[in-house]
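I opened this notebook to record what I looked up in one structure, entry by entry. The entries begin with the interior and move on to strands, loops and the nucleic acid.

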Amino acid sequence: MALLIGRAEGKENCKFVRRRRRGWAIDRRGRNGRGCAPYGPVIVHRTKTSLHMSTSPLEEIRHSASHVLATAILRVFPDAKLDIGPATESGFYYDIDLEHKLTAEDLTKLEAEMKKVIDENQSFRRSEVSREEAVELIKKSGQERYKLGRLADVPEGEAISFYQNGEFLDLCAGPHVRYTKQIKAFKLLSIAGAYHRGDEKNKQLQRIYGTAFASKEELAQYLERMEQAKQRDHRKLGRDLKLFVIDDDVGQGLILWTPAGSVIRQELQTFILGELQKQGYSQVFTPHIGKLTLYKTSGHFPYYKESQFPAIMDPDQLAQIAHEGCSCADMTARLDAVSTSFQAEINRRAGREVIPADRTKADESLLDGFLLKPMNCPHHIKIYASQPHSYRDLPLRLAEFGTVYRWEQSGELNGMTRVRGFTQDDAHLFCTEEQVAQEVLGCLSLVKIVLTTLGMSDYRVRVGLRDPDSNKYTGTKENWDKAENACREAAKTLGVPFTEEPGEAAFYGPKIDFVVRDVIGREWQLGTVQVDYNLPVRFDLSYIGADNQPHRPVMIHRAPFGSMERFCGVLIEHFAGDFPAWLAPEQVRLVPISEKTLDYGKDLLAQLKAAGVRAVLDEHNDKLGAKIRRAEIEKVPYTLVLGQKEAEAKAVSVRSRARGDEGVQPFAEYMERLVQEIRTRALPAKKV
RNA sequence: GCCAACAUAGCUCAGCUGGUAGAGCAACGCUUUCGUAAAGCGUGGGUCGUCGGUUCAAAUCCGACUGUUGGCUCCA
């Protein structure tokens with residue numbers, strides 16, 4: 001999986017996760033006959049977390065609110081056909097089939113109706129019925145379109161229950177609150193399209209999202225949190241702080257790193273490179289494209305074709321065409337054939353004729369050119385394979401900030417976290433079976449160092465094992481046992497709590513993922529380590545052992561950051577733009593109180609720059625307050641106020657973004673502390 | 001990809017039912033030389049996402065396209 005690593009781009013992981021969670025995405029692939037990974041079917045496991053198995057009071061409130069919503073919907077739109085309305089992690093929704101396209105005004109209307117229902121203080125009454133009675137009840141209520149299907153989902157032998165509040169009766173496992181007035185605070189949030197049963201083959205219904213709480217205060221707090229999340233959205237901060245740009249003319253999902261954003265990325269890369277050096281990695285560089293055949297060998301191409309950019313013409317073919325002395329017309333015709341098949345591909349993906357393609361007699365083999373690389377491993381494998389290896393050479397650790405390209409559906413794109421081109425802090429370790437455990441541990445500690453340094457202390461580790469009931473994995477049982485034990489042992493040795501999740505492995509081997517929870521409680525899968533017994537076989541890799549016999553090496557794929565794009569996006573939100581000094585694009589803002597101390601500022605600026613500090617002198621003709629304000633808004637970690645007093649004493653008045661006014665201190669002293677803070681990559685220390 | 005909403009100056013936004021564009025901030029200039037989150041005055045800046053249609057007249061109405069945002073998992 002080299003693939004996998006790649007896929008997620010940080011994401012790979014993510015994508016994989018999403019794919020598991022989103023039935024439609026999986027189904028889409030399945031339908032196209034591409035539900036299989038190169039090494040076997042994608043293992044789709046749904047962890048069933050039934051709300052009614054362990055409902056909390058809040059979930060009861062929310063689930064009840066969804067019934068109140070349904071009650072209101074039927075009052076306002078009597079012809080609505082209801083599907084399903086569960087509680088969710090942050091609220092509830094109800095899916096309805098309705099001719100009328102819901103608008104924001106409708107939400108207001110529905111909210112008002114819900115208030116009425118709540119004020120009526122209806123009681124929720126449960127009744128258990130036989131299957132036949134249930135069918136009758138559903139038919140009587142005119143909701144057979146979806147509810148009968150839902151009824152069929154209830155396993156034989158399980159109780160079938162209905163809940164009634166007021167005039168509204170719904171097939172429902174419950175439980176509910178006793179009276180509608182127990183729903184103290186609710187709000188309808190948005191309207192969205194949602195496929196019936198999450199399957200794009202089914203009709204798309206209208207989903208109304210809302211949330212509910214036990215008190216108005218909690219609702220207000222929730223909305224406040226949402227507002228804060230909006231404020232720290234990396235897309236907003238990225239624009240405000242000028243960290244990155246996405247330009248339509250360049251293309252969707254392609255990140256342009258601005259000078260400021262590049263500083264952050266560069267610092268992160270320098271940081272990790274230092275760690276790699278300590279761990280004995282070798283840095284390599286490989287190109288952005290590779291021959292299609294390479295990815296056919298690795299097995300990735302046919303299966304991931306959907307998520308790759310179309311192949312590009314092999315320049316060798318162009319050269320050959322020229323050699324053959326083709327006329328201009330011939331050449332144009334052959335190029336045309338290529339571009340035609342390219343057009344056909346574009347049209348196929350779009351599902352309509354974006355580019356009219358009436359000449360599709362393209363020779364498919366002409367497409368057999370180059371691929372924008374979707375993952376780095378084949379290139380690294382070829383470096384390994386370029387010469388014979390002795391067991392004494394191993395482990396060989398090849399690292400590269402490798403940029404890869406994936407074709408993501410347009411609806412999936414999102415700022416830096418879901419893109420079409422991204423750079424993985426990738427590495428492939430080639431080692432003996434005996435070395436796997438130790439090497440995995442090394443990779444894990446690397447991820448841990450990264451997270452610790454950045455203050456991402458709230459994370460969990462997931463060890464993905466094979467599904468014992470499935471034989472769809474590649475490789476032998478012995479190898480799997482060894483690989484899984486290696487992962488398990490490594491996770492134990494790491495000393496971090498971890499969960500073992502059968503069915504979460506990649507097909508070629510088990511993996512260990514780090515799932516980070518951010519300040520607002522969202523989870524991000526960032527670092528990943530994967531053990532691979534398969535690609536070495538496909539590429540017939542070997543090394544000569546101590547027994548003078550050839551042996552198969554084992555590969556480890558790992559990316560502590562995942563992708564630089566995604567990681568930076570998460571980091572921006574993690575710090576809310578308030579980066580620690582070592583990462584901040586601008587570390588120090590020099591603010592002369594007036595032009596009188598401008599020269600002193602220039603003097604300090606030169607000294608700071610000489611020490612490698614990223615400092616900027618504010619030469620604006622503003623009052624002090626305005627300059628301070630600007631520095632604060634731009635989230636500069638340190639602002640040094642320079643007045644006559646400071647100039648005379650060779651001092652600075654320090655204002656820290658994290659701690660506020662820290663008073664006057666000798667410049668030399670301040671600089672020593674600052675350089676130390678940067679060198680040690682310290683996190684911003686809050687005022688005590 | 002699918003559903004919905006949105007697209008006006010660098011940013012945030014105003015511009016009602018059609019009569020050909022405005023504010024604040026930012027930028028730039030001048031005045032001010034200032035002590036910890038906004039000094040005053042002035043100047044420049046937009047083919048209103050693109051293309052097409054309706055109309056005497058379109059930022060405004062209609063259509064297509066492009067892009068952005070929120071969704072498309074949490075089993076009755």
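**Entry 1: the main core.** I note at the outset that I am working from a predicted model. I asked which residues touch the most other members of the largest nonpolar core. In this core of 97 residues, they turned out to be Val440, Cys487 and Leu640. I then looked for the element that contributes the most to this core, and found helix H16 (residues 436-453), which supplies eight residues. Because domain 1 (2-32 + 373-575) and domain 3 (588-679) both contribute residues, I wrote down that this core lies between them.

I followed Cys487 outward and, leaving aside residues up to four places away in sequence, listed Val440, Val463, Pro510, Ile512 and Val531 as the residues that it touches. Apart from this core I found another one, made of 38 residues, including Tyr93, Ile118, Leu137 and Ala173. As background I added the reminder that nonpolar side chains in soluble globular proteins tend to be buried together.

**Entry 2: the chain as a whole.** I counted 23 helices and 28 strands in the secondary structure of chain A. Chain A has 688 residues, of which 38% count as buried. When I restricted the contacts of chain A to residues at least 6 apart in sequence, 72% of them joined residues at least 24 apart. The domain assignment also lists domain 2 (51-229) beside domain 1 and domain 3, and I computed 57 Å between the C-alpha centres of domain 2 and domain 3.

**Entry 3: a four-stranded sheet.** I traced an open sheet whose four strands come in the order E3-E4-E9-E8, with antiparallel pairing. At its edges I placed strand E3 (81-82) and strand E8 (185-195), each of which pairs on one side only. Inside this order, strand E4 (residues 92-97) and strand E9 (residues 204-213) run antiparallel and are joined by five bridges. To fix the register I looked up Phe92, whose bridge partner in E9 is Gly210.

**Entry 4: strand E15 and its partners.** Is strand E15 (residues 396-405) largely enclosed or open? I found eight of its ten residues buried, and therefore noted strand E15 as largely enclosed by the rest of the structure. Strand E12 (residues 282-283) runs parallel to E15 and is joined to it by two bridges, with Gln283 taking Ala399 of E15 as its bridge partner. With strand E16 (residues 421-431), E15 pairs in the antiparallel sense over ten bridges, and here I saw Gly402 opposite Gln424 of E16.

I also checked the peptide bond from Leu394 to Pro395, which is cis with omega near 0°. Pro395 belongs to the loop between helix H15 (377-385) and E15.

**Entry 5: a hairpin and two positive phi values.** Strand E6 (residues 160-165) and strand E7 (residues 168-171) run antiparallel and are joined by four bridges, one register point being Gln164 with its partner Leu169 in E7. Their hairpin has two residues between the strands, and in it I noted a positive phi near 55° for Gly166.

I then turned to residues other than glycine. For Arg197 I recorded a positive phi near 60°, and I located Arg197 in the loop between E8 and E9. Arg197 has 19 C-beta neighbours inside 10 Å and so counts as partly exposed. For Lys650 I recorded a positive phi near 55°, in the loop between helix H22 (644-649) and strand E27 (651-656). Is Lys650 buried or exposed? With 12 other C-beta atoms within 10 Å, Lys650 is exposed.

**Entry 6: the RNA strand.** How many residues surround RNA strand B? I counted 72, and the closest are Ala192, Gly193, Gly198, Gly411 and Gly643. Helix H21 (residues 624-633) gives the most to the surface near RNA strand B, with seven residues. Sorted by class, that surface comes to 26 charged, 23 polar and 23 nonpolar residues.

Methods. Residues are numbered from 1 along each chain as its sequence is written. Chains are lettered from A and ligands numbered from 1 in the order in which they are written. This is a predicted model: local features need pLDDT of at least 70, side-chain atom pairs count only at pLDDT 80 or more; totals for chains, interfaces and linings use all residues. A residue is near a molecule or strand if its C-beta atom, placed from the backbone, lies within 6 Å of it. Ala, Val, Leu, Ile, Met, Phe, Trp, Tyr, Cys and Pro count as nonpolar, Asp, Glu, Lys and Arg as charged, and the others, Gly among them, as polar. A nonpolar core is a set of buried Ala, Val, Leu, Ile, Met, Phe, Trp, Tyr and Cys residues joined through C-beta atoms within 7 Å. A residue is buried if 20 or more other C-beta atoms lie within 10 Å of its own, exposed if 12 or fewer, and partly exposed in between; C-beta atoms are placed from the backbone. Domain bounds come from an automatic or database domain assignment. Two residues are in contact if their C-beta atoms, placed from the backbone, lie within 7 Å. Two strands pair if DSSP finds at least two bridges between them.
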